[in-house]
Amino acid sequence: MPLAYLFDLDGTLYTDSGAIPGGVELLRELKRRRVPFRCVTNTTSKPRVRLLERLRGYGYEVEADDILTPLRVGVAIARARRHRVVAPFVSEATLVDLEELELVGGTSGSGGRDASPASSRPTAIILGDLGERWTYSLLQEAFDDLMAGAELIALSRDRYFKKGDNLALDAGPFVAALEYATGQQATVAGKPSPEFFRAAVASLGLAPDLDTREIVMVGDDLWSDVQGAQRAGYQGWLVRTGKYREGKLKESGVTPNRVLASVAEVGALSGSVE
């Protein structure tokens with residue numbers, strides 16, 4: 001039985017239709033057995049409190065500290081690199097999770113680079129999923145900030161996510177566009193960044209000398225969840241729910257440690273979950 005689990009949210013623990021069958025019972029049983037876990041997500045369009053509300057609304061018995069988002073890691077990266085003023089390119093709803101930083105331009109609603117004195121211009125931009133909120137002018141503003149020397153902190157490199165019955169563009173294509181235009185490589189705060197996985201595992205309080213291969217990431221994304229976890233030294237288990245596509249698995253070159261019908265099968269592999 002693995003020592004600990006990391007669970008993706010959308011597409012793994014729930015979809016737009018509700019909780020994945022068996023998921024609520026699985027997390028309840030893991031808590032009963034005191035098997036540590038974290039819910040880790042690349043969702044950047046909703047603040048952590050909204051994610052907590054959604055999980056609880058589906059019946060999951062979780063606390064705020066059970067959830068790790070790229071926004072929290074992005075703030076930590078910005079502070080560690082002494083970025084005091086940043087330009088956020090994230091949903092307005094998630095600005096509350098960036099309140100430790102001074103926000104200017106972008107989607108912050110507080111002026112732009114031309115309206116701010118040089119001392120208050122951003123030294124970094126934090127970029128997440130804006131969906132249909134993206135405009136040419138916002139991309140141009142981000143490009144101008146980067147060309148003026150700001151650092152690019154990307155909350156996600158995910159290519160797409162499941163939206164209803166279709167797949168929708170995620171933050172990754174916009175990150176790639178800005179990297180291509182500026183020649184700057186983004187620092188990634190979310191999955192598949194090894195730092196994100198290590199931050200999640202560190203929050204579990206496990207012994208420092210444990211075998212990292214006994215920690216499992218369970219998700220529906222081949223690259224961010226499975227490959228990202230494996231490159232960080234953990235197992236990556238793929239579920240056939242959410243954005244899973246059989247053809248993508250065959251052509252991806254990624255080999256999950258396990259492929260499961262859904263998160264409910266985790267319980268069967270870890271001992272019965274009633």
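Visitor: Which residues of helix α7 are buried, and why is α7 called largely enclosed?

Guide: Leu222, Trp223, Ser224, Asp225, Val226, Gln227, Gly228 and Ala229 are the buried ones. Buried means under 20% relative accessible area, with exposed over 50% and partly exposed in between (1.4 Å probe, protein chains only). Eight of the ten residues of α7 (222-231) are buried, so the rest of the structure largely encloses this helix. This is a predicted model, where local features need pLDDT of at least 70, side-chain atom pairs count only at pLDDT 80 or more, and totals for chains, interfaces and linings use all residues. Residues are numbered from 1 along each chain as its sequence is written, and side-chain values use heavy atoms, leaving out hydrogens and water.

Visitor: What do the buried residues of α7 pack against?

Guide: They pack against β10, α6 (194-202), β13 (215-219), β14 (235-239) and α8 (246-252). Contact here means heavy atoms within 4.5 Å. Helices (H or I, at least four residues) and strands (E, at least two) are DSSP runs, numbered from the N terminus.

Visitor: What makes the Asp221 side chain a polar contact partner at the start of α7?

Guide: One of its side-chain oxygens reaches to within 2.8 Å of the backbone nitrogen of Trp223. A polar contact is a pair of N or O atoms within 3.5 Å; within protein, one must be able to donate a hydrogen and the other to accept it, and residues adjacent in sequence count only if both atoms are side-chain atoms. So this approach qualifies. After α7 comes Gly233, with a positive phi near 100°.

Visitor: How do you know that β10 and β11 are paired?

Guide: Two strands pair if DSSP finds at least two bridges between them. Four bridges join β10 (160-163) to β11 (166-169), so these antiparallel strands meet the rule. Tyr160 stands opposite Leu169. The two strands form a hairpin with two residues between them, and Gly164 in the turn has a positive phi of about 65°.

Visitor: What makes β7 and β12 edge strands?

Guide: The open five-stranded sheet runs β7-β6-β8-β9-β12, with parallel pairing. β7 (102-103) and β12 (187-188) each pair on one side only. Two bridges join β9 (151-154) to β12, and Ala154 stands opposite Val188.

Visitor: Why is Ala64 called partly exposed?

Guide: Its relative accessible area is 26%, which falls between the two cut-offs, so the label fits. Ala64 sits in the loop between α2 (48-57) and β5 (67-68). Beyond neighbours within four places in sequence, it is in contact with Arg48 and Leu52.
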